[in-house]
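Here is a quick read of how one part of this fold is put together. Have the sequence and the coordinates open while you go through it.

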Amino acid sequence: GADELMGEKPEEEKSELALMMQDIDESYKLVEEMSGYYKYKKKQWKKILEAGENIEKITKEVRIKYARPDDPRYEKQMELMEVEAKKMAEVAKNKDKDGALEDQQWQVRRLRQTCALCHKHLKIHIYPNLYKKKHEG
């Protein structure tokens with residue numbers, strides 16, 4: 001389950017990190033679900049903007065709180081996640097620019113890749129149901 005996310009860490013630290021990651025995951029899933037659309041409405045761009053800002057903010061916190069200076073690959077992927085999320089928010093802010101839709105779809109792919117590489121590196125196997133909200137039947 002989510003509690004075995006990170007090796008041998010104290011319980012409360014792991015669960016806090018798992019919760020932060022779950023928050024990131026929810027924002028990511030939201031934008032991924034929309035990434036197949038051929039057009040975004042105003043309120044969808046707003047959600048994309050919020051998701052990008054949320055991922056950036058939480059990633060920043062994780063990078064400070066759960067830094068792994070002895071693990072350059074982890075550090076690099078976490079930095080990338082923050083950068084790509086920030087770019088996503090920028091794309092959403094400039095939603096009327098030509099090619100904004102394609103840029104957004106690219107950012108979703110960049111985030112997916114970043115998450116996947118880091119999870120693989122940490123040997124975390126994330127199944128889609130791991131972060132299902134408790135109240136879903």
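Helix 2 turns its buried residues towards helix 1, helix 3 and helix 4. Buried here means under 20% relative accessible area, with exposed over 50% and partly exposed in between, using a 1.4 Å probe and protein chains only. Helices are DSSP runs (H or I, at least four residues), numbered from the N terminus. This is a predicted model, where local features need pLDDT of at least 70 and side-chain atom pairs count only at pLDDT 80 or more, while totals for chains, interfaces and linings use all residues. Residues are numbered from 1 along each chain as its sequence is written, and side-chain values use heavy atoms, leaving out hydrogens and water.

Which residues of helix 2 are buried? They are Gln44, Trp45, Ile48, Ala51, Gly52, Asn54, Ile55, Glu56, Ile58, Thr59 and Val62. The spacing of such a list is easier to follow with a bit of helix geometry in mind: an α-helix has 3.6 residues a turn, so residues three or four places apart point the same way.

Helix 3 has its own buried set: Tyr74, Gln77, Met78, Met81, Glu82, Glu84, Ala85, Met88, Ala89, Val91 and Ala92. The cover over these residues includes helix 1 (11–34), helix 2 and helix 4 (100–121).

As for length, the expected span of a helix is 1.5 Å times one less than its number of residues. Helix 2 has 24 residues and runs 35 Å from first C-alpha to last, close to the expected 34 Å. The 22 residues of helix 3 (residues 72–93) should span 32 Å, and the end C-alpha atoms are indeed 32 Å apart.

Now for the packing. Axes are lines fitted to C-alpha atoms, for helices over the stretch in contact, and angles run from 0 to 180 degrees between N-to-C directions. Contact means heavy atoms within 4.5 Å. For classes, Ala, Val, Leu, Ile, Met, Phe, Trp, Tyr, Cys and Pro count as nonpolar, Asp, Glu, Lys and Arg as charged, and the others, Gly among them, as polar.

| Helix pair | Axes | Angle | Contact residues by class |
|---|---|---|---|
| Helix 2 and helix 3 | within 8 Å | roughly 155° | 13 nonpolar, 2 polar, 8 charged |
| Helix 3 and helix 4 | 9 Å apart | about 165° | 12 nonpolar, 5 polar, 5 charged |

With a crossing of roughly 155°, helix 2 is roughly antiparallel to helix 3 (angles over 145 degrees). Helix 3 and helix 4 are roughly antiparallel too. The crossing of helix 2 and helix 3 is left-handed (the near helix is turned anticlockwise from the far one by less than a right angle), and so is the crossing of helix 3 and helix 4.

Zoom in on the contact between helix 2 and helix 3. Glu56 sits in helix 2 (residues 42–65), and counts as buried because its relative accessibility is 12%. Beyond residues up to four places away in sequence, Glu56 touches Glu82, Ala85 and Lys86. Leu49, also in helix 2, is 39 residues from Met88 in sequence, yet their C-alpha atoms are 7.0 Å apart. Leaving aside neighbours within four places in sequence, Leu49 is in contact with Ala89, Ala92 and Lys93.

What about the loop between helix 2 and helix 3? Asp71 is found there. At 14% relative accessibility, Asp71 counts as buried, and apart from residues up to four places away in sequence, Asp71 touches His121 and Leu122.

How values were computed:
Parallel < 35°, antiparallel > 145°, perpendicular 65-115°, else oblique.
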